[in-house]
Protein chains: 2
Amino acid sequence: VTGPLTYRGAGVDIDAATRFLDAIGAVVRSTHGPGVAAHGSQFAGLIRPEGWEQMGSPLIAATCDGVGTKVLLARRPEDFEGLGRDLVAMNVNDLLPVGATPLLFLDYLAAGRLDPERLEAAVRGMAAACLEAHCALLGGETAEMPDALGDDQLEMAGFAVGLVDGDRLPTAALRPGDAVLALPATGLHANGFSLARRALLERGGFGLDDHVPELGRTLAEELLVPTPIYVDAVAHLLAGVEAKAMAHVTGGGLQGRGAAVVPEGLAMRIDPGSHPVPPVFDLIRACGEVDPAEMASTFNMGLGFLAVVPADQAAVAGWLHVGEIVDGEGAERVAIG
Amino acid sequence: VTGPLTYRGAGVDIDAATRFLDAIGAVVRSTHGPGVAAHGSQFAGLIRPEGWEQMGSPLIAATCDGVGTKVLLARRPEDFEGLGRDLVAMNVNDLLPVGATPLLFLDYLAAGRLDPERLEAAVRGMAAACLEAHCALLGGETAEMPDALGDDQLEMAGFAVGLVDGDRLPTAALRPGDAVLALPATGLHANGFSLARRALLERGGFGLDDHVPELGRTLAEELLVPTPIYVDAVAHLLAGVEAKAMAHVTGGGLQGRGAAVVPEGLAMRIDPGSHPVPPVFDLIRACGEVDPAEMASTFNMGLGFLAVVPADQAAVAGWLHVGEIVDGEGAERVAIG
């Protein structure tokens, strides 16, 4: 091949990127409330931090997360819409344990070759999730990376920013007898997929399109269910009770994330009869002969978000009362059963 | 292979991730000023937005960017340190055109297998760059993604947040005669590498370790020079003059980014004799027979940052006076020469 080289010929189609931005403009703007400030600059998004004046000590909370290897299971455009929801959920839910209210979200999508259908579906899912989280999809980066990523590889990362009053952080001391509340998970969310794929697809021999009687649907349908947005449920909780500590159950699983909020000398006891465990977890355990402790330190085991509240405030609509804080001498930090 | 599956056996080494976080803790904390609020939660970073009380209309500015395919050229640990600097620079410099002051940076690093040496080097570079940008390396995500990414693949994305007074955004109308100032680039920065690699490595037949007389060093040394942090230079500019518009010269090159700040009916004329053009650009042009217009719409051509100021304020220490705003009837939006 001879003749002049071009950036497009080198695998980067700036026009395709521009068409993509035009196509998603309306859906992105649908998430913009009056706080988003218009500005000619294309370099950064601008947003008013509503409510700062009322805070005694305003703080900015920021977090970053991706969807991990869940992306490997997506094939149809609507699967990428679900992954877009996952990406927002993984980030905005991470703002909630410090009591922060989501303000904005930005996405980073990178692919060997931009596939407008997949990317537009992902952005539709992100926009819907941002509306549910009451935050603006303020911008993002869509990178075409020939050679660095294969044509079919897609990397999805996200960043969320929220606001919280530093005078009202959930920092009260936990005590034995405190109640552990939880929000139900819809499934695996976006953690533990490397183990789940090996257990179900390799060991179990399941195909993604196999109808699995225990699940009542195909494996792909089960695994690709998006992560819920817990913003409204946590706001409802905080409106009525004093949350002493909260955890979004992600990497490290119920064991790791639960343990992180329990101080030395105490433990969290979770009653396995207090909540339904989605059958996919038992299927993974059985197919992969996975040790129960390994399961609990990898997966959420059906509990997507935890909150520790005083014992007399345990009845909150929409929340499950799943356990309590106990003396922890010699015990595991999180004991299930 | 039989026996119980584990998350580690599935390719995700949570212990390695924890060791990595321990190893980088001190260097990350070195970027934390008194504004970073300590909190037991591991889910989100918290930082005080200093100075917003003095702003008439405080706004949060947020941006997201990656290092693109520049990552393909990194081989030695110190190369990844440079990429860490690039990642911060690409993001914090994007905050500057709206007049925002960087407050925090978060990184997203994903690899098929975590290589502590590479990742720690990247974080060292990020921390050094954050110190230079006067912002906190507030957190990030390091994802091990077996199967989704090859062992040697590394994805680097970043996210920066800054503050700006909405009453002081650079929005003054440009007029013919306004001066165009610029900050010199150190080289390609982190844009156009897909074209540069094809021109230099494929067409030109250069090896990364070849000493290139025109460059006075090896090709790898030339291409991997990190992007400068323009935070202090822009603050110095804004302390003395009224910037009407600014641009960080990234994707789209000098042509695209320059054009984005010039309104309909005007043009930006850049005097090619006003500034040195790093010889790497001529080498790329020659090796790839790249059209000059394609060069200017892909690369920064030696100018890393642009500012348009009134004609009588064109003398600013550290800034090059590279051109002016002219009537644009029938002309290209950015005319070089």
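This note sets out numbered points on a predicted model with chains A and B.

1. The sheet that begins in chain A. One open sheet has five strands in the order S4(A)-S3(A)-S5(A)-S2(A)-S1(B), and its pairing is mixed. Its edges are strand S4 (136-144) of chain A and strand S1 (45-47) of chain B, each of which pairs on one side only. On average, neighbouring strands in this sheet are turned by 20° against each other, direction ignored.

2. Pairing and packing in that sheet. Strand S3 (residues 101-111) of chain A runs antiparallel to strand S5 (residues 154-165) of chain A, and ten bridges join them. Within this region, Asp107(A) has Gly158(A) in S5(A) as its bridge partner. Helix H3 (residues 116-133) of chain A packs on the sheet and touches S3, S4 and S5 of chain A. The direction of this helix makes about 170° with that of S3(A).

3. The sheet that begins with S1(A). A further open sheet of five strands follows the order S1(A)-S2(B)-S5(B)-S3(B)-S4(B), with mixed pairing. Here the edge strands are strand S1 (45-47) of chain A and strand S4 (136-144) of chain B, and each pairs on one side only. The average turn between neighbouring strands of this sheet is 20°, direction ignored.

4. Pairing and helices on the chain B strands. Strand S3 (residues 101-111) of chain B and S5(B) pair in the antiparallel sense, over ten bridges. Leu106(B) stands opposite Phe159(B) in S5(B). Helix H2 (residues 77-95) of chain B lies across strand S2 (58-66), S3 and S5 of chain B, at about 35° to S5(B). Helix H3 (residues 116-133) of chain B lies across S3, S4 and S5 of chain B, at about 170° to S3(B).

5. Glu155(B), a point for attention. Glu155(B) belongs to strand S5 (residues 154-165) of chain B. Which side chain of opposite charge is nearest to this buried residue? That side chain is Arg197(B), 11 Å away, and Glu155(B) has no salt bridge. The side chain of Glu155(B) does make a polar contact of 2.8 Å with that of Tyr108(A). Leaving aside neighbours within four places in sequence, its contacts in chain A are Tyr108(A), Ala110(A), Met145(A), Leu149(A) and Glu155(A). In chain B, on the same basis, Glu155(B) is in contact with Tyr108(B), Leu109(B) and Ala110(B).

6. Salt bridges within chain A. Over all chains, the whole structure holds 33 salt bridges. In one of them, Asp209(A) pairs with Arg75(A), with the closest N and O atoms 2.9 Å apart. This pair links distant parts of the chain, 134 residues apart: Asp209(A) is in the loop between helix H4 (193-203) and strand S7 (211-212) of chain A, and Arg75(A) is in the loop between strand S2 (58-66) and helix H2 (77-95) of chain A. Asp209(A) is exposed at 55% relative accessibility, whereas Arg75(A) is partly exposed at 39%.

7. A link between two helices. Glu81(A) and Arg124(A) form a salt bridge through their side chains (3.5 Å, N to O). Because Glu81(A) lies in helix H2 of chain A and Arg124(A) in helix H3 of chain A, the pair ties together parts that are 43 residues apart in sequence. Glu81(A) is partly exposed, with a relative accessible area of 29%, and Arg124(A) is partly exposed at 39%.

8. A salt bridge between the chains. The side chains of Arg198(B) and Asp147(A) meet at 3.2 Å, N to O, in a salt bridge. Arg198(B) lies in helix H4 (residues 193-203) of chain B and Asp147(A) in the loop between S4 and S5 of chain A, so the pair joins two chains. Arg198(B) is buried, at 15% relative accessibility, while Asp147(A) is partly exposed, at 45%. Elsewhere, Arg76(A), Glu78(A) and Asp79(A) form one network of salt bridges with shared partners.

9. Helix H7 of chain B. Why is helix H7 (residues 253-260) of chain B described as largely enclosed by the rest of the structure? The reason is that six of its eight residues are buried. The buried residues are Gly253(B), Leu254(B), Gln255(B), Arg257(B), Gly258(B) and Ala259(B). Their cover includes strand S9 (245-248), strand S10 (266-270), helix H9 (292-296), strand S11 (303-309) and strand S13 (334-336) of chain B.

Notes
Residues numbered from 1 in each chain as written. Chains lettered and ligands numbered in written order. Predicted model: local features only at pLDDT ≥ 70, side-chain atom pairs only at ≥ 80, totals over all residues. Heavy atoms only, no water. Helix = DSSP H or I, 4+ residues; strand = E, 2+ residues; numbered from the N terminus. Buried < 20%, exposed > 50% of the residue type's maximum accessible area, 1.4 Å probe, protein only. Lys, Arg positive; Asp, Glu negative; His and termini not counted. Salt bridge = Lys/Arg side-chain N within 4 Å of Asp/Glu carboxyl O. Polar contact = N/O pair within 3.5 Å; in protein donor to acceptor, adjacent residues only side chain to side chain. Contact = heavy atoms within 4.5 Å. Pairing = 2+ DSSP bridges. Axes fitted to C-alpha atoms, helices over the stretch in contact; angles between N-to-C directions.
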